[in-house]
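Hello,

Here is the structure I promised to pass on. Have a look at it first, and then read my notes below.

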Amino acid sequence: MPQIDSSKVRRWDLHGREHTVRVHRTGVQRTISCDTCGWRRGAQFLPWLKAQEHLEQAHQATVDPTAA
């Protein structure tokens with residue numbers, strides 16, 4: 001079975017701009033990085049939650065494209 005090494009969290013702000021935070025995995029360590037502002041952080045636990053928090057706080061991006 002292939003190993004997935006990265007994923008992303010995408011949200012839109014109220015102006016319709018897309019913001020993406022990527023989660024990269026190397027062993028047990030995960031690094032999250034924002035495509036919009038270049039912010040980076042190591043996160044071993046709950047990296048997707050931390051990515052969502054960054055999008056909300058730094059970019060006011062709260063619209064989830066997958067929520068119907």
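How far apart are the end C-alpha atoms of α1, and what should its 13 residues span? At 1.5 Å a residue the expected span is 18 Å, and the end C-alpha atoms are 17 Å apart, which agrees; the expected span is 1.5 Å times one less than the number of residues. Helices (H or I, at least four residues) and strands (E, at least two) are DSSP runs, numbered from the N terminus.

Please note that this is a predicted model, where local features need pLDDT of at least 70 and side-chain atom pairs count only at pLDDT 80 or more, while totals for chains, interfaces and linings use all residues. Residues are numbered from 1 along each chain as its sequence is written, and side-chain values use heavy atoms, with hydrogens and water left out.

Pro 47, Ala 51, His 54, Leu 55 and His 59 are the buried residues of α1 (buried is under 20% relative accessible area, exposed over 50%, partly exposed in between, with a 1.4 Å probe and protein chains only). They lie on the same side of α1, because their arc around the axis is only 100 degrees, taken from the directions from the helix axis to the C-beta atoms. Just after α1, Gln 60 has a positive phi of about 50 degrees.

Now the cysteines: there are zero disulfides (a disulfide is a pair of cysteine sulfur atoms within 2.5 Å). The sulfur of Cys 34 has its closest cysteine sulfur in Cys 37, 3.8 Å away, so it is too far for a bond. Cys 34 is buried at 5% relative accessibility, whereas Cys 37 is partly exposed at 46%.

Best wishes
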